[in-house]
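Here is a short set of exercises with worked solutions. Have the viewer open and work through them at your own pace.

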Amino acid sequence: MDALERHLGAIDAELHAHRNDTGDVQSRLAQVLAAVSESREGVVELRDSVDVAARRTAFRRKPTRVLFLVHVFGAWDAYHALVEAMAASKDFEPIVASIPRRFAGSDGLVGEEDVHRGLTSRGVPHLRFADGAPQDVLRLIKAIDPDVIFRQSQWDADIPDELGTERLGFARTCLVPYETMNIVVNVPDHRESNTAVDSGYHRAAWLVFCTNEMMLETAVRDGARGGAQFRVVGHPKADHLRAAPPDWPVYGTASGVARPGRIVWSAHHTIAQGWTDFGAFHLMRDDMLAWAKHCADTQFVFMPHPALLPFFDSDASPVSRSEFDAWMREWTALPNTAVLSEADYAPTLAASDVMVTDGLSMLVEYQLFDKPVIFFEREGHRPFNAIGKQVVKGVHRAHTVEEVRELAAKFVGGTPDPLRFRQRDNMHKLFGDGGSVERILTALRQEIARERGEVGSEPAGRPGRRPSARQEGARAMRNRRPAGLERAGEPPAWD
């Protein structure tokens, strides 16, 4: 017993010494982490200051060099006509570059090859930023020395970290949103209340081009800068959709059927819970497959959102990768089906008869074609904002695939859509008459002239308010209706 007590005493002393050592290590580690954090903040502040100085030297040369970073070819139509117009001008030098992306479920950075193929198919000369370390790509971009950089979206999480908002501050950054407009009350993140108009990228941007007055007024109300960087121009994607020639990708026809019905099924990527929660592929897939199998006189094009396909590898997905792959094999084996992804979908929409969708962009975009939109509405999705409430007046709501089938059969059979006049009214109010590219170029030229101190540099169209007028502007906006949405006898559209 005496020997055991001596051993236990020695062990206790050794443990006590280790605890003291551990405490010392933890204390020193905390000091190191604090120093690293302070150092990083200092580095960020220094970089921001250097970037401010770099931006002040922009626009001294002519033409203005503009770099477009493309990570999703499916959203390219927001920029294609703008790049073509710049290339045909004397005062702009556009450069397009394909980059990889990172969507939920993706194994690292992927997809640059898809973007490259898509741009090649549209005849767009471009650089490829796929090989090498990400920091090498950033060095290459700095060697190109662009005056202006356009990205496709505000989401830093979707692209390489080295191409995030804070790393591109050496140039003037711009945005034509990949979506034509935001139609829902977004889930706020830890810093911004409305990521549709006030993400980190929006806050740092030189110019953000929005589609209509309602989006501008949202930016005035919710943006940290009072919407000062926003300009109302319409949207190039809408102009592209309106002008698209029809081209249907399903060629087989049932015996004795001269012209099968044509249905486009657009599936959003938000099939999990906790974001906008519109995606309903997991609820619809079996019934949609059965419909396609048993209706040979109808043709179907499945058009998944680019972020849906990799999401099946995510732990949050209600459908596993193996389940989706098995479903896809059955779908593509049918003679009356097709899949359209990472492609120009405008000709397919133009050639179709009916849209079936769970949201979001297609609730808006398909109304440009003056054809029926059937909205499969998933229970519990994020609420519509004022724009969304206007948009859904032009769509038919359904909550089961059986309801969808009944509506589609009626319209494919020739019944006129009773909402077509509401759709025309929506599209006129929300998009105007086209010509968005010229308005974007005019805004750019005027802001460049302002930067150069040249005469005649008043902002184009409807700019956002300057920060000094933000509070007054926000109060005024809450008490008036957006231009073009006035209706006698109707209550205000704002919640």
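**Exercise 1. Sort the residues that line the largest cavity by class, then place and size that cavity.**

Step 1. The lining of the largest cavity divides into eight nonpolar residues, five polar and one charged. Here Ala, Val, Leu, Ile, Met, Phe, Trp, Tyr, Cys and Pro are nonpolar, Asp, Glu, Lys and Arg are charged, and the others, Gly among them, are polar.

Step 2. The volume of this largest cavity is about 90 Å³. Of its 14 lining residues, P177, E179, A196, C210 and M215 are the closest to its centre.

Step 3. The rule behind this: on a 1 Å grid over the protein atoms alone, a cavity is a set of points where a 1.4 Å probe fits but cannot get out, and lining residues have an atom within 4 Å of a point. Points are joined across faces, edges and corners, and the volume is the space filled by probe spheres set on them. Counted this way, there are two cavities of 30 Å³ or more.

A note before going on: this is a predicted model, where local features need pLDDT of at least 70, side-chain atom pairs count only at pLDDT 80 or more, and totals for chains, interfaces and linings use all residues. Residues are numbered from 1 along each chain as its sequence is written, and side-chain values use heavy atoms, with hydrogens and water left out.

**Exercise 2. Find the mean pLDDT of the protein and the stretch where pLDDT is below 50.**

Step 1. The mean pLDDT (the predictor's confidence in each residue, from 0 to 100) is 86, and 79% of the residues reach 70 or more.

Step 2. Residues 466-495 have pLDDT below 50, and beyond near neighbours in sequence this stretch has 47 contacts in the model. A contact means heavy atoms within 4.5 Å.

**Exercise 3. Which residues of helix α7 are buried, and what covers them?**

Step 1. Helices (H or I, at least four residues) and strands (E, at least two) are DSSP runs, numbered from the N terminus. The protein has 17 helices and 14 strands.

Step 2. Buried means under 20% relative accessible area, exposed over 50%, and partly exposed in between, with a 1.4 Å probe and protein chains only. Across the 495 residues, 52% are buried.

Step 3. In α7 (residues 236-243), the buried residues are P236, K237, A238, D239 and L241. Their cover includes α11 (346-351), α12 (361-365), α15 (420-431) and α16 (436-452).

**Exercise 4. Is W155 buried or partly exposed, and what is it in contact with?**

Step 1. W155 sits in the loop between β4 (148-151) and β5 (172-175). W155 counts as partly exposed because its relative accessibility is 23%.

Step 2. Leaving aside neighbours within four places in sequence, the contacts of W155 are Y178, T195 and W275. The C-alpha atoms of W155 and H202 are 9.9 Å apart, with their positions 47 residues apart along the chain.

**Exercise 5. Locate two cis peptide bonds and two positive phi values.**

Step 1. K62 and P63 are joined by a cis peptide bond with omega about 0°; P63 is in the loop between α1 (2-56) and β1 (64-70).

Step 2. The bond from G359 to L360 is also cis, with omega near -10°. L360 lies in the loop between β11 (354-357) and α12.

Step 3. D277, a residue other than glycine, has a positive phi near 60°. At 12% relative accessibility, D277 is buried.

Step 4. D370 likewise has phi near 60°, but D370 is partly exposed at 33%.

Conventions:
1 Å grid on protein atoms, 1.4 Å probe; cavity = no way out; pocket = protein on both sides within 12 Å on 5 of 7 lines; lining within 4 Å.
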